[in-house]
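Student: I have a model open on my screen and would like to understand the words used to describe it. Could we go through them together?

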Amino acid sequence: MRGCGQVSEQPVVLVAGSASGEVLCLDESLSFWGGVDPRTGEIVDHHHPQHGCTVSGRVIAMPSGRGSSSSSSVLLEAIRSGSAPEAILVLEPDEILSLGSIVAGELYGRSLPVVVLDEATYSSLVTGETVAVGEDGSLHR
Amino acid sequence: MRIVVRLAESMGVDHLLDITGAHVDSCLYHGQSGLDFAGRLVEGGASVAVPTTLNVSSLDLLHPELYRGDEAEGEAARRMAGMYEEMGCQPTWTCAPYHLENRPSFGEQVAWAESNAIVFANSVLGARTARYGDLIDISAAITGRVPAAGLHLDDNRRATVLFRLLDVSPDLLDLDQVYPLLGTVVGAASGSRVPVIEGLPTALSEVRLRALGAGAATAGSIGMFHAVGSTPEAPTLESAMGGRDPHEVVEVRTSDLRASRDQLCTVSGSALSSVCLGTPHYSIDEFQVVVALLTGRRVHPDVDFYVSTGRSVLAELELRGWADLLRSAGVALVVDTCTYVSAILADTTGTAMTDSAKWAWYAPGNLGVDVVFAGTSECVESAVAGKVLLDERVWSGV
């Protein structure tokens, strides 16, 4: 665990917002549709290494989005039902996840930050550590 | 419009381009938020600006009796379907809009959602769509505009990762079931890059290209692939790559295809409850294979046999007399939806067999079933026999 105020280098903010929570690092990309139960936040994709983990309330770190284009809707539904992650940190931009969050902002005034991190910052994240994501995509740990 | 612009901003894109058509996936019910979103659009008087087709619903709207799910949820899904029709979308209810009459032509700019349809439009038709998802698809249809980015632009359509088939025999490449498996191998290693595949037979059928693309879009997040000698932007390897060198070369061996097959099977043993074909929605060509295999035969009484397809293909099946032939052989024809998004399967505790890599991938999570992936003929033979019959000869020596 690093000290407070550690700031990542040049994060790219896909959807702005501030949030904090415990990190859950996903070893592989996850399709929200078919991969997450939007009522409980549980990872239900049998092929996923973190099958059985819960994304609710966590800061999710995963390489990128994957698979179905329904994932925007599933993320939106998860945000509505309160079982969504606090924030999503990725290595590659993903429009499908961004949209779910953008529309949640439009509909419910509630979006979650989606931020692209640089490789070094991303790979330094550890499951279980607590991080805060700032409006500018900065990471405080 | 605000959603389209905010998405463009989040992508760092500063201009929009016009589209000539859209395919919308947002019409599938996932919960209250879908109703809230469509309701907000309808209340605002929204209607689509370009011809727009609809992806699957969570119900078979023509055969509601097949639905075994929660009644309130079914009613909500029906209400949501109605809202999309109210906005002027065509009630096509298919994940294979490229089977419809007016499919986009080469070079046409469209906004398509549904991962298999996106890959088909870009790769097989040479039309141009970025990887749209729910929510943006209907926003694009209403505004007729999309961010000028991604696979809409020449530069982003060039392959950057090269897959070379090494020891895959011509016999194996003559089997339809190899293509969805190759798709999952390519998809998993491509991520969101554009792959090109070298070493396949040329002039591959749409059935095979589609299965490859659907598998790849399931295991990865690709929006387009090139198959040298088959897809329109890949007459040669050089043209697919735009004259550049690949960032990565991946060798694909028969053992990779077999490993992919094994990964898609969650169970061994011979017990069989259902057979589910038609993910993505079956085409006339694929039905022809099933009709030939089932003519004069019957599905075993202990096995439920489902084939999902679009209502336009069903109409053609009726005209040809194939629909009656299949029904009397014990096949349930499911339209407007898919057996893995709707509560249709009578038995989700047993083993289901499928010829679709996509179905095999998602059904265990969606439905809780065990799955065996196999070729179409193995699926049909197993359905008739009432137990899983696999023809392992094709993999012998691997």
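Tutor: Gladly. Let's begin with a term we will need: two residues are in contact if their C-beta atoms, placed from the backbone, lie within 7 Å. Keep in mind that this is a predicted model. In that sense of contact, the buried residues of α15(B) pack against β10 (274-277), α11 (284-294), β11 (304-309) and β13 (351-354) of chain B.

Student: Which residues of helix α15 of chain B are buried?

Tutor: In α15 (residues 376-385), they are B:Thr376, B:Glu378, B:Cys379, B:Val380, B:Ser382 and B:Ala383. A residue earns that word if 20 or more other C-beta atoms lie within 10 Å of its own. Following α15(B) comes B:Gly386, with a positive phi near 85°.

Student: What makes B:Glu114 buried or exposed?

Tutor: Count its neighbours: B:Glu114 has 30 other C-beta atoms within 10 Å. The cut-off for buried is 20 or more, so B:Glu114 is buried. B:Glu114 sits in the loop between β4 (111-112) and α4 of chain B. Its phi is positive, about 85°, although B:Glu114 is not a glycine. Most residues other than glycine have a negative phi.

Student: And how do you know whether B:Asp336 is buried or exposed?

Tutor: By the same kind of count: there are 28 C-beta neighbours inside 10 Å. Set against the cut-off of 20 or more, B:Asp336 therefore counts as buried. B:Asp336 is in the loop between β12 (331-335) and β13 of chain B, and has a positive phi of about 70° without being a glycine.

Student: What makes the peptide bond from B:Thr279 to B:Pro280 cis?

Tutor: Its omega is near 0°. Most peptide bonds are trans. You will find B:Pro280 in the loop between β10 and α11 of chain B.

Student: Now the helices. Why is α4(B) called oblique to α8(B)?

Tutor: The axes of α4 (residues 115-125) and α8 (residues 206-219), both of chain B, cross at roughly 130° and come within 8 Å. Roughly perpendicular covers 65 to 115 degrees and roughly antiparallel needs over 145, so an angle of roughly 130° makes α4(B) oblique to α8(B). The crossing of α4(B) past α8(B) is right-handed. Among the residues making this contact are B:Val119 and B:Phe120 of α4(B), and B:Leu209 and B:Ala217 of α8(B). Sorted by class, the contact of α4(B) with α8(B) has seven nonpolar, four polar and two charged residues.

Student: Which word fits α7(B) and α10(B), and why?

Tutor: Their axes are 9 Å apart and the angle is about 95°. That falls in the range of 65 to 115 degrees, so α7(B) and α10(B) are roughly perpendicular to each other. Residues including B:Leu181 and B:Val185 in α7(B) meet partners including B:Leu257 and B:Arg261 in α10(B).

Student: Where do α7 and α10 come into the domain picture?

Tutor: Chain B is divided into domain 1 (2-153), domain 2 (158-262) and domain 3 (265-395). In chain B, 16 residues of domain 2 are in contact with 16 residues of domain 3. On the domain 2 side, α7 (178-190), α8 and α10 (254-264) of chain B each supply at least two residues. The largest share of that side, five residues, comes from α8(B).

Terms used:
Residues numbered from 1 in each chain as written. Chains lettered and ligands numbered in written order. Predicted model: local features only at pLDDT ≥ 70, side-chain atom pairs only at ≥ 80, totals over all residues. Axes fitted to C-alpha atoms, helices over the stretch in contact; angles between N-to-C directions. Helix = DSSP H or I, 4+ residues; strand = E, 2+ residues; numbered from the N terminus. Parallel < 35°, antiparallel > 145°, perpendicular 65-115°, else oblique. Left-handed = near helix turned anticlockwise from the far one by under 90°. Nonpolar A, V, L, I, M, F, W, Y, C, P; charged D, E, K, R; others polar. Domains from an automatic or database assignment. Buried ≥ 20, exposed ≤ 12 C-beta atoms within 10 Å, placed from the backbone.
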